[in-house]
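Reader: I'm new to this one and would like a close look at a single part. Could you take me through the surroundings of the ligand?

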Amino acid sequence: MASPGRGPTPLSPTAVASRLRAAGCVFAEDEARLLMEGAATPAQLEEMVEHRVQGFPLEHVLGWSEFCGVRVLVEPGVFVPRGRTEFLVDEAVRGIPAGAVVVDLCCGSGAIGAALQARTAGMDLHCSDLDPAAVRCARRNVEPAGGRVYEGDLLAPLPRSLRGRVDVLVVNAPYVPTAEIATLPREARLHETRLALDGGPDGLDILRRVAAAAPTWLGPAGRVLAETSEAQSPRLAAVFRAAGLQTRVSRSAELEATVVTGSRTA
Ligand SMILES: C[S@@+](CC[C@H](N)C(=O)[O-])C[C@H]1O[C@@H](n2cnc3c(N)ncnc32)[C@H](O)[C@@H]1O
């Protein structure tokens, strides 16, 4: 906080922004404002600024991330929802029936599920993730609006009563090929779990398992939608076709996002 008449103190907005800028934060003024709004005390602000200067992701320092206009709680270590994934939400809500049964697999913080809850009325949302910290966040993010969150491997922890009834199965699984993990930005490599990033040799290990299981869980008009890279999308589409699904690849140039959709009917 500024002391009137004495110029900037270490906790003034200007001082916070210049520390952040010196540490390489491109949007230093915006980040300084968010940190100052988020800190309850000067001591907490000092701690938050220090963590950010050390390279912790802004979202982990603040404890939340904005995704599709929804404030999603994100604990340290949990995958920070990416802007490009808003395209997956846009594709998932298209033609979604009222009261749809929706599954958000590999849900992380539950960002996708929470965004879908905000956009569609009365949906029956079920989320799952293998990481207990992610499950903890997802519970805080989707349970207040009636969603359920399960801890475990892909579809295994979901209630069997959902089999053959899922209208929309949405998945942003880890899809980075193992050899490319080393090229990711530092914040991802150091502050998100390998479990959240590593998709195996060609990036599709998890999505192959999802494709194999999806037909058992989808309802007659159900769809499975997966985010992928543009380069991987033809291979993922072939994986979905081999699982007996009608396939469509959609691309947002603006968000640099690609989604492969598999449907039980055309
Ligand atoms: C790329 S992150 C995406 C998180 C979230 N869907 C989002 O878009 O913000 C992938 C998530 O998959 C989870 N995961 C990895 N392998 C899994 C598995 N076999 N079963 C369930 N979740 C898994 C990770 O813990 C991580 O939270």
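Author: Let's start with a term we'll need: a polar contact is a pair of N or O atoms within 3.5 Å. Keep in mind that this is a predicted model.

With that cut-off in hand, look at cysteine 106: one of its polar backbone atoms sits 2.8 Å from a nitrogen atom of the ligand, so the pair falls within 3.5 Å and makes a polar contact. Aspartate 153 also reaches a ligand nitrogen atom, this time with a polar side-chain atom at 2.7 Å. Asparagine 172 turns to an oxygen atom of the ligand instead, with an N or O atom of its side chain 2.9 Å away. As for how covered the ligand is, it would expose 600 Å² if taken alone, and the protein buries 97% of that.

Now step back to the whole shell. There are 19 residues around the ligand, and the ones that come nearest are Cys106, Asp129, Asp153, Leu154 and Asn172. So you've already met three of those names through their contacts: Cys106, Asp153 and Asn172, with the cut-off for such a pair being 3.5 Å. By type, the shell splits into 12 nonpolar residues, three polar ones and four charged ones.

If you'd like to find parts of this shell along the chain, try two helices: H9, residues 194-197, and H10, residues 205-217. Each of them supplies at least two residues of the shell around the ligand.

How values were computed: Residues are numbered from 1 along each chain as its sequence is written. This is a predicted model: local features need pLDDT of at least 70, side-chain atom pairs count only at pLDDT 80 or more; totals for chains, interfaces and linings use all residues. Side-chain values use heavy atoms; hydrogens and water are left out. A residue is near a molecule or strand if one of its heavy atoms lies within 4 Å of it. A polar contact is a pair of N or O atoms within 3.5 Å; within protein, one must be able to donate a hydrogen and the other to accept it, and residues adjacent in sequence count only if both atoms are side-chain atoms. Accessible areas come from the Shrake-Rupley method with a 1.4 Å probe; for residues, only the protein chains shown count as cover. Helices (H or I, at least four residues) and strands (E, at least two) are DSSP runs, numbered from the N terminus. Ala, Val, Leu, Ile, Met, Phe, Trp, Tyr, Cys and Pro count as nonpolar, Asp, Glu, Lys and Arg as charged, and the others, Gly among them, as polar.
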